[in-house]
Amino acid sequence: MQLLKATGLLLLLQGALAADASSTVLPSPSNRRDSIPSLLKPESHLEPFANVTGSLDDHGVCQCSVYLPDTAFPVDRVERIEILAQQLSVKFDIEISKVSQYTKDIELYEQRILNLTKKIEYLEKTSVSYTELDFQLIRLEIKEMEKLVTQLKVSLTGNNVIVEQLYVEIKNLSLMVNELESLDKHNILAVRREIASLQRKLQDCEASRNQSTNHYFPPGTCSHGGIVNISQPYMVQLNWRGFGFKQGGWGRYSSPLAPGKELYWIAPLTSARYIEYYRLHESYDDLLLFKYSKENRYQFGDGSGAVVYNNFMYFNVYNSRDMGKLDVNTNTLVLRRALTNAAFNNRFSYAGVSWQDMDFAVDENGLWVIYSTETSTGNIVISKINETTLEVLDTWETRQYRPSVSNAFMVCGVLYATRIVNTRKEEIFYTYDTNTRTEGRVSIIIDKMLETIQSLDYSPIDRRLYVYNDGYLVRHDLIFQPIIPA
């Protein structure tokens with residue numbers, strides 16, 4: 001009975017295996033392939049199972065050994081496929097990033113080509129404005145872009161229409177520049193060279209003319225026909241107190257008793273109004289090196305109209321119409337005297353310059369003061385001053401309104417007044433000769449380093465004009481007209 005049960009169980013197992021093999025057929029281990037399609041290819045000639053002989057054990061239980069084919073899922077191949085897929089994904093990301101970078105580079109090169117095209121169009125429209133250097137710079141840019149696009153072509157495998165088009169446009173640009181230069185060699189550049197040559201000749205001629213008119217006149221002499229020109233500004237340095245002290249004055253010591261003596265004075269204004277600190281330098285080299293012999297303090301002078309003459313500083317005493325005389329050797333106020341009817345406290349100061357109601361000046365004839373009165377209705381008044389007593393020796397009233405003048409100075413008894421032209425130029429436009437009591441009109445341009453000239457001081461010792469220009473110490477050489485004997 002048990003034998004029959006075992007035989008039936010064996011037949012039932014064989015039937016089940018046969019039915020399973022008929023629905024899913026997998027290859028045997030001996031016929032596996034590494035490629036993915038071979039896993040799904042049916043192998044109909046292989047037997048899915050085999051018959052075996054059973055036996056009974058001591059307890060009468062049927063036992064048998066069954067051989068099952070290798071129909072398990074191919075895990076090792078799936079793992080290999082997953083690794084391959086990851087590798088392909090990484091390579092794909094790298095190529096995508098390269099394409100993105102190439103896209104940015106192409107956009108950049110397209111923009112540069114557009115800029116170069118605009119430059120060339122501008123050169124074509126304005127042919128007189130370009131030089132050989134312009135061609136050289138453009139050619140360098142084109143060569144650089146051609147090199148970069150060539151690198152792009154090597155990096156991008158296969159056909160890339162954008163890069164090819166970019167390369168062709170760069171080649172066309174190069175040919176266009178070469179053609180423009182070849183056309184230009186015989187006309188525009190030649191004309192520009194001729195113009196440059198003529199300009200140099202004109203400059204040489206102008207320099208020669210200036211040298212011929214700048215005759216030497218001994219210090220103290222007035223045997224000339226007045227100022228006819230002025231040199232370019234020569235900037236010495238910033239004032240010793242710094243850029244914040246834009247208002248002030250400076251000059252060279254003037255004395256007919258010691259024409260060879262060098263003494264430079266600088267007086268930046270405190271709070272844009274007060275003469276408080278001033279320095280004295282015994283030589284021009286000491287001035288350049290900030291080596292000073294004295295730094296004095298006085299409280300207070302008013303405005304930037306001071307001057308140093310014969311070891312004394314003359315200035316407008318603060319908040320008054322008084323003239324002050326200060327001994328620079330002892331820093332002592334030795335004399336103070338009122339200037340009759342003079343306006344003060346910024347009543348009729350110069351245009352653009354505050355608190356300079358009294359402007360002291362020195363020339364070959366001595367000490368002067370330039371001011372206004374209520375009686376003159378703001379017009380310029382000139383007084384000759386005795387430097388010892390501060391008495392007024394003589395007075396001249398002009399018809400020039402003082403607040404419309406930017407500054408003034410005296411040379412050989414002649415007042416020269418300036419006015420603002422623009423931020424870089426002023427003009428000497430008005431003269432008044434105290435010797436003949438006559439007015440005059442001139443036009444002599446003064447080039448400025450900065451916008452506002454705070455003071456002008458003429459030195460009869462070296463015939464230079466000392467300018468305090470927004471905190472900077474500047475000087476000019478004056479050119480005089482010689483008197484031609486009759």
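In this predicted model, β17 and strand β18 (residues 414–422) run antiparallel and are joined by five bridges. One spot to look for is Asn407, which stands opposite Thr418 in β18.

This pair belongs to a bigger arrangement: an open sheet of four strands, set in the order β17-β18-β19-β20 with antiparallel pairing. At its edges sit β17 (407–411) and β20 (438–447), each of which pairs on one side only. Leaving direction aside, neighbouring strands in the sheet are turned against each other by 25° on average. As a general point, the strands of a sheet pair through backbone hydrogen bonds, and they can do so in parallel or antiparallel fashion.

Now for the empty space inside. Rolling a probe the size of a water molecule over the atoms is a handy way to show where such space is left. Here the count comes to five cavities of 30 Å³ or more. The second largest cavity holds about 50 Å³ of space. Its lining is made up of Gly251, Arg252, Ser254, Trp265, Val307, Val308, Asp457, Tyr458 and Ser459. Three elements each give two or more residues to that lining, namely β5 (248–252), β9 (307–309) and β21 (453–459). Of these, β21 supplies the largest share, with three residues. Sorted by class, the lining of the second largest cavity is a mix: four residues are nonpolar, three are polar and two are charged.

Notes
Residues numbered from 1 in each chain as written. Predicted model: local features only at pLDDT ≥ 70, side-chain atom pairs only at ≥ 80, totals over all residues. Heavy atoms only, no water. 1 Å grid on protein atoms, 1.4 Å probe; cavity = no way out; pocket = protein on both sides within 12 Å on 5 of 7 lines; lining within 4 Å. Points joined across faces, edges and corners; volume = space filled by probe spheres on them. Nonpolar A, V, L, I, M, F, W, Y, C, P; charged D, E, K, R; others polar. Pairing = 2+ DSSP bridges. Axes fitted to C-alpha atoms, helices over the stretch in contact; angles between N-to-C directions.
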